[in-house]
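User: Could you take me through one part of this model in detail? I would like a close look at a single helix and what surrounds it.

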Amino acid sequence: MPDRKPPRLAGHERETLCALLQYQRESLARKVADVSDADARGPLVGSGTSLLWLIRHMARAEMLWVVYRFAGKSIQLPVDGVRPSDVLADAVRTYRSGWERVDAVVAASPSLDALCARSDGQTRVNLRWVLTHLLEETARHAGHADILRELLDGTTGR
């Protein structure tokens with residue numbers, strides 16, 4: 001897998017956050033390319049983390065934070081866990097299909113200072129915080145996927 005460097009740009013804050021989030025999304029999705037369903041479900045570390053769980057978790061996290069909490073829309077959230085019958089391609093499709101909806105909410109917001117419509121029971125946060133949180137969480141899990149993929153078959157690269 002060729003190593004792909006992050007985009008470099010001198011854009012405004014929203015453009016930069018969204019470009020880097022998209023880069024991390026694509027990096028995570030690339031880490032599971034050509035992995036069998038059985039290998040994707042299988043945990044390779046003591047915590048039980050699997051490639052399939054990482055994809056499903058991030059699909060849920062994006063919809064939860066942006067569409068449900070920030071935009072305040074009532075939606076059915078993607079499943080976070082992994083079942084023996086789960087198919088990796090379905091999870092990747094769910095993850096990728098959420099990007100368009102999430103990106104539309106972000107683009108429609110007049111400001112990164114806009115507060116979440118719903119609280120998670122803690123301090124209300126703004127869209128800037130949500131995007132930064134998703135960027136760091138996606139990057140962290142893309143790193144986890146990088147290690148899991150290397151353990152699985154030796155494949156490396158962003």
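Analyst: Happy to! Let's start with a residue in the chosen helix: His141 is found in helix α5. Please keep in mind that this is a predicted model.

Is His141 buried or exposed? His141 counts as buried, because its relative accessibility is 4%, and buried means under 20%. As for its surroundings, once residues up to four places away in sequence are set aside, His141 touches Leu28, Trp53, Leu54, His57 and Met58.

One of those partners, Leu28, leads us to the next helix, since α1 covers residues 13-31. Helix α5 itself spans residues 127-153. How do the two helices meet? The axes of α1 and α5 come within 9 Å of each other, with a crossing angle of roughly 25°. Angles under 35 degrees count as roughly parallel, so α1 is roughly parallel to α5. The crossing of this pair is left-handed. As to which kinds of residue form the contact of α1 with α5, there are 11 nonpolar, 4 polar and 8 charged ones.

Now let's look at the loop that lies between α4 (88-108) and α5, where Arg124 has its place. Arg124 has a relative accessibility of 46%, which means that this residue counts as partly exposed. Leaving out neighbours within four places in sequence, the contacts of Arg124 are Leu115, Cys116 and Ser119. There is also a long-range pairing to look at: Phe70 is 54 residues away from Arg124 along the chain, while the C-alpha atoms of the two are separated by 9.6 Å.

Cys116, one of the contacts of Arg124, brings us to the cysteines. Cys116 is buried, with a relative accessible area of just 1%. Which cysteine sulfur is closest to that of Cys116? The answer is the sulfur of Cys18, but the distance is 15 Å, too far for a bond. Seen from the other end, the closest cysteine sulfur to that of Cys18 is in Cys116, so the 15 Å separation rules out a bond here as well. Cys18 is partly exposed, because its relative accessible area is 25% and thus falls between the 20% and 50% limits. A disulfide needs a pair of cysteine sulfur atoms within 2.5 Å, and the count comes to 0 disulfides.

To bring the picture back to where we began: α5 holds the buried His141, crosses α1 at roughly 25°, and is preceded by the loop that carries Arg124.

Methods. Residues are numbered from 1 along each chain as its sequence is written. This is a predicted model: local features need pLDDT of at least 70, side-chain atom pairs count only at pLDDT 80 or more; totals for chains, interfaces and linings use all residues. Side-chain values use heavy atoms; hydrogens and water are left out. Axes are lines fitted to C-alpha atoms, for helices over the stretch in contact, and angles run from 0 to 180 degrees between N-to-C directions. Helices (H or I, at least four residues) and strands (E, at least two) are DSSP runs, numbered from the N terminus. Angles under 35 degrees count as roughly parallel, over 145 as roughly antiparallel, 65 to 115 as roughly perpendicular and the rest as oblique. A crossing is left-handed if the near helix is turned anticlockwise from the far one by less than a right angle, and right-handed if clockwise. Ala, Val, Leu, Ile, Met, Phe, Trp, Tyr, Cys and Pro count as nonpolar, Asp, Glu, Lys and Arg as charged, and the others, Gly among them, as polar. Buried means under 20% relative accessible area, exposed over 50%, partly exposed in between (1.4 Å probe, protein chains only). Contact means heavy atoms within 4.5 Å.
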